[in-house]
Amino acid sequence: MVKFIFRRLLVMIPQLFLLSLIIFILAKQMPGDAVTGAFMGNPNVTPEQVEKIREQYGLNDPWYVQYGAWVGKAVQGDLGSSYTHKQPVTSLLAGRVTNTVTLSLFILIVSYIIAIPLGIIAGRWTDSWSDKLIVTYNYFAFATPLFVFSLLMLFFFGFVLGWFPTGNSVDVRLEVGTWDFYLSKLKHLVLPGMSGALLATAGTIQYLRNDIIDTKLKDFVKTARAKGVPEGKVYTRHILRNSMLPIAAFLGYEITGLISGSIFLEMIFSYPGLGQLFIQSITGRDFTVTTAIVMISGTAVIVGTMLSDIILSAIDPRIRIE
Amino acid sequence: MAETVLEIENLRTSFNIKGNYYAAVDGVSLSVHKNEVVAIVGESGCGKSALALSIIGLHNAKTTKLEGQVNLKGQNLLNLPVEKLNKIRGKDLGMIFQDPMTALNPLATIGRQIAEPMDYHMKLSSAAKKKRVLELLGQVGIKDANRIYKQYPHELSGGMRQRVVIAIALACNPVMLIADEPTTALDVTIQAQIMDLMKELQRITDSGIILITHDLGVVAEMANRVAVMYAGEFVEIADVNTLFSNPLHPYTRSLLSSIPSNMTDKEELHVIEGIVPSIQKLDREGCRFAPRIPWISEDAHEDKPTLHEVEPGHFVRCTCYKEFHFPEERVEDENYVTT
């Protein structure tokens, strides 16, 4: 198992290299660069000055020289500095990465907390009224766009009822590190987090339900019953373990969805995370920030699939690579 | 006669199809004694597997109606709640399934799967359980028991897996075993090995066995008594020698003459025309085999066929056996008469 995890980690190195190369080239293909983003249409800046700035930042070098310089610094933890925010990208990202990761983890955990019991109930008692209720919920959750649902949540719980704050990630008046500070963070997390989780959970519920329905007709379940295994144990020991496989395989994909989904959530709840910064950086042609953020989300996807693989191999002996 | 272990009385298993119940097992009575192998034969769809699953209570309770009695050691299993049934399944009543490729949980080790019934039926320490599992693996002819104990089903061949399935059924020393086509899914060479193993085990344990099969070779080799099943009913019950030497019911005779034999390589193999009627379309009045022997006159059949004891222990349903002959025999007869 340790050997498998180690190998799986090694595979990530070429993956990350390819990812960085593709991102860099694609980013270079974007129309304009940081200089046009910052000074375009400014009558006080002459083309000669623009050219001078380009030369100064190395923007006239061939792409591979620029790529080499970027990667060289990136592995040392230096992602360059933002042209628009005039500060190092790493310090610009630090707080926002924490916010986005917290939000994504919150959504992931809450959606599994909801999905696993509901999926089991729906799958075990197929066609019962509770199953029908759960499936109806799934249809609604699948059909509702995230931005519509988030706005409704924001309106009811943030504005009408006033239970939760409607923006930001924390109350700025609080001192960092105090109990109240973390409580306030959590309070700010609830609305965007629940909006994401309540919709994201539908996919997992449906997967789990369908797989349980499929698994409970399998022969080895008959074998278990013929052994005299009590019904509850038939589910926990035999059916669920097998039905967890697609859920684990789904995890990598789920993480990808969360990252793209968080762009909407962060915009709507003005939650200072990567998504918000991403949009700003694209409109401002803030090349260093854009590549850094895409690189982070890409890495998250690679890590997500790796987690899927490790979990799968832990559950399923058939795919363990010796 | 040895003590009766299992007694089935007038068992009727009906499935709900679009709101109506149709009997797949239609009034079956059978008793199995200690140390006796009773084979149930019949073609696909005759209700033999439905019968097996009814005995052990593995049908979906929502869509299945069970009537009659299945008495194991004097207790009727049919009206037991699942919790009580679970105290009997896997302990007194073991089941060997048809397809070893799917009958084992792919995610659990062989050792765990064989030990599992002991968790619920025996009070053993984990060391004692492991000892018993290794012993069982040896009994079913697995040599490298210590290695197999830790392996997963996908690492074993079909024959090995079927041995494991048998070990699971034997784990708690059942008094009654149901083997539902235990060799059907295996290669011919492996089939022979598994049959040898079953015979050997039957000699060691003294449980009663119901052997469900459509392979008459298996029947001849293993069974003490045979019940021939057609369209949900037994049409003939006899001890194995009588059945092969003096088959009476037209269905039994047709089945026996459909066995390829290497002695008569010039003769064409007998084919029973038609198929077993589906349980929805079955005509439950009259002789159920009549549509497949249309050359026999209708007067030969009973209006309401019952099992007749033609000699001690030999039962035949309907009276049509008295006038039955194969169609080609009649052609020969006619030729004989005209020439």
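In chain A of this predicted model, 72% of the contacts with a sequence separation of 6 or more are made by residues 24 or more positions apart. Chain A is built from twelve helices and has zero strands, so that its pattern along the sequence reads α-α-α-α-α-α-α-α-α-α-α-α. Its C-alpha trace spans about 85 × 55 × 40 Å along the principal axes. Of the 322 residues in chain A, 32% count as buried.

Helix H8 of chain A, residues 179–215, takes part in two of the helix packings described here. With helix H10 (residues 231–268) of chain A, the axes of H8(A) come within 9 Å and cross at roughly 155°. Because angles over 145 degrees count as roughly antiparallel, H8(A) is classed as roughly antiparallel to H10(A). The crossing of these two helices, H8(A) and H10(A), is right-handed. On the side of H8(A), the contact is made by A:Pro192, A:Ser195, A:Gly196, A:Ala200, A:Thr204, A:Tyr207, A:Leu208, A:Asp211, A:Ile212 and A:Thr215. H10(A) contributes A:Ile239, A:Asn242, A:Ser243, A:Pro246, A:Ile247, A:Phe250, A:Gly257, A:Leu258, A:Gly261 and A:Leu265. By class, the residues of this contact between H8(A) and H10(A) comprise eleven nonpolar, eight polar and one charged.

The other packing joins H8(A) to helix H7 (residues 146–160) of chain A, at an angle of about 135° and with the axes 10 Å apart. Here H7(A) is oblique to H8(A), because an angle must be over 145 degrees to count as roughly antiparallel. H7(A) also passes H8(A) in a right-handed crossing. From H7(A), the residues in the contact are A:Leu146, A:Phe149, A:Ser150, A:Met153, A:Leu154, A:Phe157 and A:Gly158, while H8(A) supplies A:Leu191, A:Met194, A:Ser195 and A:Leu199. This contact of H7(A) with H8(A) has eight nonpolar and three polar residues, and no charged ones. A:Ser195 of H8(A) is listed in the contact with H10(A) and again in the contact with H7(A).

Two residues outside the helices of chain A can be placed individually. A:Asp127 lies in the loop between helix H5 (89–124) and helix H6 (129–143) of chain A. Its phi is near 70°, a positive value in a residue other than glycine. Most residues other than glycine have a negative phi. A:Asp127 is exposed, because 11 other C-beta atoms lie within 10 Å and the class of exposed residues extends to 12 or fewer. A:Ile319 is found in the segment after helix H12 (287–315) of chain A, and with 11 C-beta neighbours inside 10 Å it likewise counts as exposed. Leaving aside residues up to four places away in sequence, A:Ile319 touches A:Leu312 and A:Ser313. A:Ile319 and A:Ala248 are 71 residues apart in sequence, and their C-alpha atoms are 13 Å apart in space.

Chain B contains a strand hairpin. Strand S9 (225–230) and strand S10 (233–239) of chain B enclose a loop that holds B:Ala231, and the hairpin formed by S9(B) and S10(B) has two residues between the strands. S9(B) and S10(B) pair in the antiparallel sense over six bridges, and B:Val228 has B:Glu236 of S10(B) as its bridge partner. In the turn, B:Ala231 has a positive phi of about 50°, although it is not a glycine. B:Ala231 counts as buried because it has 26 C-beta neighbours inside 10 Å, where 20 or more suffice.

S10(B) also pairs with strand S12 (residues 314–317) of chain B, in the antiparallel sense and over two bridges. In this pairing, B:Phe315 of S12(B) is the bridge partner of B:Ile237. Six of the seven residues of S10(B) are buried, so the strand is largely enclosed by the rest of the structure.

The two chains meet at an interface in which 24 residues of chain B are in contact with 19 residues of chain A. On the chain B side, the elements that give two or more residues are helix H2 (82–88) and helix H3 (110–121) of chain B. H3(B) provides the largest share of that side, four residues. The residues of chain B that touch chain A divide into 13 nonpolar, six polar and five charged.

How values were computed
Residues numbered from 1 in each chain as written. Chains lettered and ligands numbered in written order. Predicted model: local features only at pLDDT ≥ 70, side-chain atom pairs only at ≥ 80, totals over all residues. Contact = placed C-beta atoms within 7 Å. Nonpolar A, V, L, I, M, F, W, Y, C, P; charged D, E, K, R; others polar. Axes fitted to C-alpha atoms, helices over the stretch in contact; angles between N-to-C directions. Parallel < 35°, antiparallel > 145°, perpendicular 65-115°, else oblique. Left-handed = near helix turned anticlockwise from the far one by under 90°. Pairing = 2+ DSSP bridges.
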